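Trainee: Could you help me learn to read a protein model, step by step?
Mentor: Happily! Let's look at the picture together.

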Amino acid sequence: MSNSFAKDIDGKAIAACVLEEVAADVRELALHGVTPALAVVLVGSDEASQVYVRNKILRAEQAGIRSLEYRLPNTTGQAELLEVIAELNADPLVNGILVQLPLPASINEGVVIHAIDPIKDVDGFHRHNVGGLVQGQEVLTPCTPSGCMRLLEETCGDISGKHAVVIGRSNIVGKPMATLLLQAHCSVSIVHSRSVDAAALCRLADIVVAAVGRPGLIDASWLKPGAVVIDVGINRIDTPEGSRLVGDVDYASARAVASAITPVPGGVGPMTIAYLLKNTVIATRLQRKSALMEKI
Ligand code: NAD
């Protein structure tokens with residue numbers, strides 16, 4: 001039996017390539033007098049959200065995307081937030097709108113997500129985009145699953161015909177991930193909290209995408225030798241040395257069985273921001289195309 005370890009899939013390096021592509025797209029749009037603009041709306045003072053928003057804005061600016069920051073107090077009501085979104089929808093100089101989740105409990109997330117103009121919905125959560133994705137149309141697609149697809153493309157090339165198992169069925173990761181894998185011609189299974197023997201199903205997979213939110217749930221016993229493992233999970237755990245981030249996959253045991261694996265951190269995380277910016281460019285292009293069509 002081979003005792004070689006899985007190759008690490010370097011999300012940081014691949015995200016850097018995506019950000020270069022975005023910067024090149026931004027330069028091309030500048031030739032037409034267009035600078036893509038991303039509006040980021042943060043309600044309240046959730047610490048993790050503040051960090052995410054700061055990173056998104058920093059990366060946007062590095063790629064030449066104009067960023068607009070709307071920091072609203074925790075006391076902001078739903079009607080007030082909807083007014084901000086309506087203004088951003090109507091502003092032709094704003095190409096992408098991102099409302100950082102989670103929102104305070106008094107605000108209905110579904111109502112807010114569906115108030116965003118689908119052509120500016122850079123998170124790809126609006127039902128118009130979700131439906132379009134299922135039908136294989138040119139729409140804005142959720143950032144984390146798009147980033148995972150790019151990691152797979154860079155690692156495996158053509159994944160047509162592979163058996164992929166997605167662990168988790170959330171609207172933001174699991175379901176769109178399974179849809180994208182299906183579009184790439186994989187045979188796809190989704191396992192979730194009610195699956196009977198999720199590990200046995202997972203052992204059939206050539207590709208495993210874990211998006212659960214349980215530290216180290218998936219260990220070597222869940223994996224077929226040679227499987228490619230994408231770990232979306234981000235979990236903070238306390239250790240005697242202090243707190244640290246780990247994924248849903250028990251990296252140490254999994255890498256003895258898998259052929260390639262994303263580390264946490266440094267795997268999927270950087271791809272999510274990179275694809276948010278890619279979506280901002282895609283949204284800008286879709287808006288220009290739709291403005292041209294209106295003139296015809
Ligand atoms: P979620 O809580 O919305 O969904 C979790 C899913 O896991 C559910 O569908 C549930 O059925 C399934 N599940 C729970 N227990 C299970 C079990 N024992 N076996 C199999 N399935 C089980 O979570 P989410 O928003 O999809 O996020 C999942 C993880 O991914 C979290 O750790 C989150 O922080 C992380 N995440 C990371 C990024 C990134 O950029 N890397 C982006 C989004 C989410």
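Trainee: How far is an oxygen atom of the ligand from an N or O atom in the side chain of Thr-272?
Mentor: Before that, some ground rules: this is a predicted model, where local features need pLDDT of at least 70, side-chain atom pairs count only at pLDDT 80 or more, and totals for chains, interfaces and linings use all residues. Residues are numbered from 1 along each chain as its sequence is written, and side-chain values use heavy atoms, leaving out hydrogens and water. A polar contact to a ligand is a pair of N or O atoms within 3.5 Å. Here, the distance for the Thr-272 side chain is 2.7 Å. A polar side-chain atom of Ser-170 also lies 2.5 Å from a ligand oxygen, and for Ser-193 a backbone N or O atom lies 3.1 Å from one.

Trainee: How much of the ligand's accessible area does the protein cover?
Mentor: Such areas come from the Shrake-Rupley method with a 1.4 Å probe. On its own the ligand has 870 Å², and the protein covers 73% of that.

Trainee: Which strands form the open sheet, and in what order?
Mentor: Strands are DSSP runs (E, at least two residues), and two of them pair if DSSP finds at least two bridges between them. The order of the six is β1-β11-β8-β7-β5-β6, with parallel pairing. β1 (7–8) and β6 (187–191) are at the edges with a single partner strand each, so one side of each has no neighbour in the sheet.

Trainee: Over how many bridges do β8 and β11 pair?
Mentor: Two, in the parallel sense. Val-228, for instance, has Ala-260 in β11 as its bridge partner.

How values were computed
A polar contact is a pair of N or O atoms within 3.5 Å; within protein, one must be able to donate a hydrogen and the other to accept it, and residues adjacent in sequence count only if both atoms are side-chain atoms. Helices (H or I, at least four residues) and strands (E, at least two) are DSSP runs, numbered from the N terminus.
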